[in-house]
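Here's a quick briefing to read alongside the sequence and the coordinates. Have both open, and hop between them as you go.

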Amino acid sequence: MAALPPEVASVAGPVLAYSLICLSCGFFLLWLVWVHDERKSYVAMLGTFVTLHTLASVIQQIHTIARWREIKIEQWENVVQNVGNPELNITGASTGLDLVLFYIQYYSYNVESMLVLFWAVELLNSVFQFNFIRTYRIHASMFAKASAMVFPAMQMLLLRFSGIDKSTLAFMALADLIMILCFGGGALILFAILVRYVHSRITLATWNVRYGQSTPSASGGTYGSQSASGTSRRRAPRVRKPSIYDRWLLLRFTIAFISLSIFQLVIINFQLRAASTNNPANVPPEPDLSVERARGDFILFAPAPTGVLFIFLVFGTTRAFRQTTWNTLVPRFIRDKVAARREKRKQQEFRSEFSTGASASITQTSAVRDLEAGGMGMGGFQGHHPSMPISIKLRDMRDMRVASGNISDGKSDEYPILKGSPTVVGMGPGGMSPGGMGPGGMGPGRPRGFSQPRPYQ
């Protein structure tokens, strides 16, 4: 920062650091769409061009910090030699490397405008569900994305080399034509989508935008089947990553469109203000090397990188991207701790529900079967409606059985005493049996699954 006034370092440094943070967010968004196999999506293309213009802005900032005094002198000489040239209205008198970097950024702005417009058209098709052939939709989407890159490039060539700068009105119209058309067209499309949404709310219709979801084709789609040699063979399902879109797509797109439109309107406003002062009367007698001018120059660098940060916050925070970010950036031991904590909380909630009887409700039939296994039978629930659910705890069952004398205390005999049996051990004809309930065996009230005791010989 030797060429830069020391007083400006407190502004230039934070702006450059902020721009680098925004640039890292752009590269991270590109990585996310890459690992999700969405490299041709509108999110990927928007991320590419906002990252490109942010990278150009960072390079320009570093170049300005290194050669600030020389750059300001060159810009003043350019204004003196070309005063009245409409190119000065949009380039800010940039020369050399700064002029190249400016056109890269301006090209990116126009590409982003066209991408947003064509994406709005596809969303309109998804909302109104026009019956276009799937192949036609795919080709139209590819053509739209290619056009969004080609037409702004032609625009830059015409602005620079066609000689249209001889007319201020024609030059300014060509420079802002794409932005204005995309802003107007996108606003009309969003208005149509909003009308459809309001109409669906009034008529209580289902509001579902099936954008970015796989739809079955005529041959069975992704999970369909195909026929070969007169026989039908089922295709193995392809494992697809979760969709990068969610049910908030329209809201996310609306926020991105409004923000981009505001940014473009600010650019056009600066151009109009520059055009009003682009005359010999406003040319300064010498370069402005003041600290205030340097601070203002670096503050004006901040809006351009903000675009990539905003795109990342709007489209890079869907559920699929958040999950990928969590699994990639967070260490494994932290993820394991969080997963264990969540599982423990779920178990506590389940136990709480079970303790209140919400999860232990059973019908009388199953209750009688289980209670018979413990020796209680139907006698304990006489008069209860068969369809009425019974909530009971095992501890309460044991207390009831002990209180009614239908369970052994574990000390008086070897086998549990059955309901209705005497509490003494009797001798049957076939030998000793608990309660003397028949020859050598147990009575009809024995618990299920309990083996018959063998008589003593």
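What follows is a run through the overall make-up, the salt bridges, the surface patches and a few backbone and loop details.

Keep in mind that this is a predicted model. The protein has 14 helices and six strands. Of its 457 residues, 37% count as buried.

**The big picture**

- The protein exposes about 27200 Å², and carbon and sulfur atoms supply 62% of that.
- Take the contacts with a separation of 6 or more: residues 24 or more positions apart account for 73% of them.

**Salt bridges**

- How many salt bridges does the structure hold? The count is five, and three of the pairs get a closer look below.
- K72 and D297 meet through their side chains in a salt bridge, at 3.0 Å from N to O. This pair links distant parts of the chain, with K72 in helix 3 (residues 68–82) and D297 in helix 9 (residues 291–299), 225 residues apart. Are these two buried or exposed? Both K72 and D297 are buried.
- E87 pairs up with R160, and the closest N and O atoms of this salt bridge are 2.7 Å apart. Here too the pair links distant parts of the chain: E87 sits in helix 4 and R160 in helix 6 (residues 134–161), 73 residues apart. E87 counts as buried because its relative accessibility is 12%, under the 20% cut-off. R160, at a relative accessible area of 37%, is partly exposed.
- Salt bridges with shared partners also join K72, R293 and D297 into one network. So if you're looking at K72 and D297, bring R293 into view as well, because the three belong to one salt-bridge network.
- R39 and D37 form a salt bridge through their side chains, at 3.4 Å from N to O. R39 is partly exposed, with a relative accessible area of 43%, while D37 counts as exposed at 51%. D37 clears the cut-off for exposed because 51% is over 50%.

**Surface patches**

- On the nonpolar side, F27, L55, I59, L97 and V100 form a surface patch with about 420 Å² of accessible area together. Which elements give two or more residues to this patch? They are helix 2 and helix 5.
- L97, one of the patch residues, is found in helix 5. L97 counts as partly exposed because its 42% relative accessibility falls between 20% and 50%.
- There's a positive patch on the surface too, formed by K337, R341, R342, R345 and K346.
- Where is R341 found? R341 belongs to helix 12 (residues 332–355). Its relative accessibility is 56%, so R341 counts as exposed.

**Positive phi outside glycine**

- As background, most residues other than glycine have a negative phi. Two loop residues are worth checking against that.
- D37, the salt-bridge partner of R39, has a positive phi near 55 degrees and is not a glycine. D37 lies in the loop between helix 1 (9–35) and helix 2 (42–66).
- A93 isn't a glycine either, yet its phi is positive at about 65 degrees. You'll find A93 in the loop between helix 4 (87–91) and helix 5 (96–128).
- Is A93 buried or exposed? A93 counts as buried, because its relative accessibility is 7%. D37, in contrast, counts as exposed at 51%.

**A buried loop residue**

- T318 has its place in the loop between helix 10 (303–315) and helix 11 (319–329). Despite being in a loop, T318 is buried, with a relative accessible area of 2%.
- What does T318 contact, leaving aside its neighbours within four places in sequence? The partners are I244, D246 and R252.

Technical notes. Residues numbered from 1 in each chain as written. Predicted model: local features only at pLDDT ≥ 70, side-chain atom pairs only at ≥ 80, totals over all residues. Heavy atoms only, no water. Patch = residues over 30% accessible without salt bridge, like charges linked within 9 Å, V, L, I, M, F, W, Y side chains within 5 Å. Areas by Shrake-Rupley, 256 points an atom, 1.4 Å probe, with all protein chains shown as cover. Salt bridge = Lys/Arg side-chain N within 4 Å of Asp/Glu carboxyl O. Lys, Arg positive; Asp, Glu negative; His and termini not counted. Charge placed at Lys NZ, Arg CZ, Asp CG, Glu CD. Helix = DSSP H or I, 4+ residues; strand = E, 2+ residues; numbered from the N terminus. Buried < 20%, exposed > 50% of the residue type's maximum accessible area, 1.4 Å probe, protein only. Contact = heavy atoms within 4.5 Å.
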